[in-house]
Amino acid sequence: MNEITTAKVEFTTALQGAGLDVKEYLPDRITPPVVIVMPNQPYLVPETVGNEYTMNLEVVCVAQTATNENASEELDSLIESVLNALPAYAGITSVGKPYALTTGNTEFLSANLNVEVTITI
């Protein structure tokens, strides 16, 4: 396995270790609550020294369908769980505002977290 894939698997495993349902891809069918880890733009940024890179990931938190109040509270709780589960080598750069993620005929309250992970290639 290459270093980029290995870093994503390790990051995903760290979140799963906190009891979160985490996918490394956008699944065909979303079953919330779920956290989806995907590449972000720019994907890799070289550091100034050696073979180190910053890998940018987008962590999508998806809450279950519910009343707006309950879905908002669940989404906030899911975001907090991800923040608490971040490994030491990862840093959060921002959390976007909640939005309706539409898949199939269903909308889920979601938010995107932008995360930087330092890797060596």
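In what pattern do α and β elements follow one another along the sequence of the protein? Read from the start of the chain, the order is α-β-β-β-α-β-β-β. That makes two helices and six strands, in what is a predicted model. The radius of gyration is 15 Å, close to the 14 Å that the globule rule gives for 121 residues, so the protein is as compact as a globular protein of that length. As for its extents, the C-alpha trace covers about 50 × 25 × 25 Å along the principal axes.

Some bulk numbers come next. Of the 121 residues, 35% count as buried. The accessible surface adds up to about 7,000 Å², and carbon and sulfur atoms hold 48% of that. Looking at contacts between residues at least 6 apart in sequence, 56% link residues at least 24 apart. On the charge side, there are 4 positive and 15 negative side chains, with the centres of the two sets 9 Å apart.

Now for the inside of the protein. The largest nonpolar core has 24 residues, and F11, L15, V35, V59, C61, V82 and V117 are the ones with the most contacts inside it. Two or more residues of this core come from each of α1 (3–16), β2 (34–46), β3 (52–62), α2 (68–85) and β6 (106–120). There is also a second, separate core of seven residues, I30, V34, V62 and F108 among them.

Two of the residues in the largest core deserve a closer look. F11 is found in helix α1, and it is buried, with a relative accessible area of 0%. Setting aside neighbours within four places in sequence, F11 is in contact with V37, L57, V59, L86, P87, Y89, A90, V115 and V117. One of these partners, L86, is 75 residues away in sequence, yet the C-alpha atoms of F11 and L86 are 8.0 Å apart. V82, with the same neighbours in sequence left out, is in contact with L15, L20, V35, V59, C61 and L113. V59 thus turns up as a partner of F11 and of V82.

What about V95, in strand β4 (residues 90–95)? V95 is partly exposed, at a relative accessible area of 39%. Beyond its neighbours within four places in sequence, V95 is in contact with I79, N112 and L113. L113 is also on the contact list of V82. Between V95 and V115, 20 residues apart along the chain, the C-alpha separation is 9.0 Å.

The backbone has a couple of things to check as well. Most peptide bonds are trans. Where does the model depart from that, with a cis bond and omega about -5°? The bond in question joins P32 and P33, and P33 is found in the loop between β1 (22–23) and β2. Another cis bond runs from Q41 to P42, with omega near -15°. Here P42 is found in strand β2, and Q41 lies in strand β2 too. Is Q41 buried or exposed? Q41 has a relative accessible area of 69%, over the 50% cut-off, so it counts as exposed. Q41 and A63 are 22 residues apart along the chain, and 24 Å separates their C-alpha atoms.

Methods: Residues numbered from 1 in each chain as written. Predicted model: local features only at pLDDT ≥ 70, side-chain atom pairs only at ≥ 80, totals over all residues. Heavy atoms only, no water. Helix = DSSP H or I, 4+ residues; strand = E, 2+ residues; numbered from the N terminus. Rg over C-alpha atoms; globule rule 2.2 N^0.38 Å. Buried < 20%, exposed > 50% of the residue type's maximum accessible area, 1.4 Å probe, protein only. Contact = heavy atoms within 4.5 Å. Areas by Shrake-Rupley, 256 points an atom, 1.4 Å probe, with all protein chains shown as cover. Lys, Arg positive; Asp, Glu negative; His and termini not counted. Charge placed at Lys NZ, Arg CZ, Asp CG, Glu CD. Core = buried A, V, L, I, M, F, W, Y, C linked by side-chain atoms within 4.5 Å.
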